[in-house]
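Work through the exercises below with the model open. Try each task before reading its solution.

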Amino acid sequence: MREFTGTGVSPGVGVGRVRVMTGTVPVPPAEPFTGDRVAETARALAALEDVARELESRAAAAGGETHDVLAAQALMARDPDLAGEVTVGVSAGLSAARAVYESFGFYRELLGGSGAYISARVADLDDVRDRTVARLMAFAVPGVPDADDEHYVLITQDLAPADLALLDPERCVAFVTEEGGPIGHTAILARAMGIPAIVACAGALEVPDGAYVLADGASGTLVLDPDPARIERARAAEKARAEAVGSAAGPGRTKDGWSVPLLANVGGPKDIQPALDNGAEGVGLFRSEYLFLDEAVPPSEEQQIAAYRAVLEAFPRVVVRVLDAGADKPLSFLPPAAVEPNPALGERGLRLLRRHPDVLRGQLRALAKAAEGLPADRLRVMAPMVTDAEEARVFTRACREAGIQQAGIMIEVPAAAVRAHDIAEEVDFFSLGTNDLAQYVFAVDRQVSSLTRLQNPWRPALLDLMAHAAKAATEAGKGCGVCGEAAADPVMACVLAGLGVTSLSMSSPSLPLVRAALAAHTYAECQEAARAARAARTAGAARAAARSALPALETLGL
Ligand code: PEP
Ligand code: MG
């Protein structure tokens, strides 16, 4: 038995023969194209259209969250500016494949200008490019192998959402990637689809096609040639986990009753039902920008009120984030002042709203109207990308002017975490955005998939910053939730509770297991896990230290 360790991102056990997915698409040569340029342009555009159609049909078959990601990819392939760029490239003497390849270099910027939504991952974008280039060069389109095996474990470098959508969970019993990270789309979708998954598993591609393996998506271990006892243990753990999830109901709390409300991250009314089905006690992050990603002009007040009201009526507490436009989520009606070399460090979030104060005022007014007649504490509103107390004060004042009682900020800029005690004086609550906080504190662009493994929320520097912000909130008598993907990891959820955070918000499918993990431990155990994790020097050591301080994880099969 040989073991490989990665990050388990979707719990569950898969045992079967390995299918290795390889197939990289070559970079098309830059030699000048000497044939018929009109026909070559038509060939390029036809390939883009074919790819768009294929992605759309996969989207229709997949439904749910996967549908949205694939539909966004189809939009990328159909972007008129991209087509324009390709046409110019071929007219200038490039082959169709090369023109497509080069045009994708401009793609993010062009999409921003056209108001479409880039679904936040460069892996998604590269996948569209590779599919188109493969078609044009008559290469096999990279993708999931046609596995005849009854049960197989897929091993691959990285897995694009379009390929993940094709996996049949009856046959693909788990997948393992060498790259990727816990907050990538693929990890989020794997949880939503219920496929056990391990990412950032170094050496996994050394396992030969056809080998017999066990992949444990809870512990993150890939075992080559597992013996029956090892399989038995993993299966027993899985059973225990299913039982614990089934029996943990009600509000989030530790074994000894320390309350940690469990909330859902939503993008609009369509996410209400899954949140209710998974027992969300409220909404901890309503990403309001998701409602308007394809709008060319600011949404009307009526449009906004309808969407906000639906969510406000469904839950006893709802935290709405005002439009977080810019960088990975461009909105065409909220443009930055100029094209930016580093959009993640540019005008985004509150910075953009301060450039467009009418949009902010209009949104706050719509929110206040949507909450009319509902209990006063139902609506809480927060700002993204706040850096210091001055910005926080401006935002709180704007909320008060609109008649909103509860005004908070996301802590996602390291400076805001470091000086959280200043900011706590200005706002009613904090919410830790671990996705961006990790991006900025580790200096790792969250859109570069080859670096996702470095965005590990277990790195002690991030734990320290979160502890610092939570302490500042506690001392000021304010709440401090977490709404980044880190909250969805049941082990991390216990650590966060121990660090002093007051609520956890995550995508709905993750709620039951987090509820079970909290319910299995005392508050003192969570505190000890937090202390032990912070005392470690690396992400791996931090997670291991937390696990050993949380004895019931074993019985939960985690
Ligand atoms: C975050 O940054 O952690 C967060 C929750 O916001 P988003 O992922 O939408 O940027
Ligand atoms: Mg963020």
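Three exercises on this predicted model follow.

**Exercise 1.** Find the strands that pair with β12, and give the sense of each pairing.

*Solution.*
- Step 1. Locate strand β12 at residues 379-383.
- Step 2. Look to strand β11, residues 318-321. It runs parallel to β12, and four bridges join the two. One of the partner pairs is Val318 with Leu379 of β12.
- Step 3. Turn to strand β13, residues 406-411. It also pairs with β12 in the parallel sense, over four bridges. Here Met382 has Gly408 of β13 as its bridge partner.
- Step 4. Trace the chain through β12, α14 and β13. They form a β-α-β unit, and the unit is right-handed.

**Exercise 2.** Sort the residues of β12 by the way they point, and decide whether they are buried or exposed.

*Solution.*
- Step 1. Expect a pattern: side chains in a regular strand alternate between the two faces of the sheet.
- Step 2. Assign the residues. Leu379, Val381 and Ala383 point one way; Arg380 and Met382 point the other way.
- Step 3. Check burial. Five of the five residues in β12 are buried.

**Exercise 3.** Which side chain of opposite charge is nearest to Glu391, and how far away is it?

*Solution.*
- Step 1. Place Glu391 in helix α14, residues 389-401.
- Step 2. List its contacts, leaving aside neighbours within four places in sequence. They are Leu350, Arg354, Met385 and Val386.
- Step 3. Pick the opposite charge. The nearest such side chain is Arg354, 4.4 Å away.
- Step 4. Apply the salt-bridge cut-off, within 4 Å. Glu391 has no salt bridge, yet this residue is buried.

Terms used: Residues numbered from 1 in each chain as written. Chains lettered and ligands numbered in written order. Predicted model: local features only at pLDDT ≥ 70, side-chain atom pairs only at ≥ 80, totals over all residues. Heavy atoms only, no water. Buried < 20%, exposed > 50% of the residue type's maximum accessible area, 1.4 Å probe, protein only. Lys, Arg positive; Asp, Glu negative; His and termini not counted. Contact = heavy atoms within 4.5 Å. Pairing = 2+ DSSP bridges. Right-handed = clockwise from strand over helix to strand, strands pointing away.
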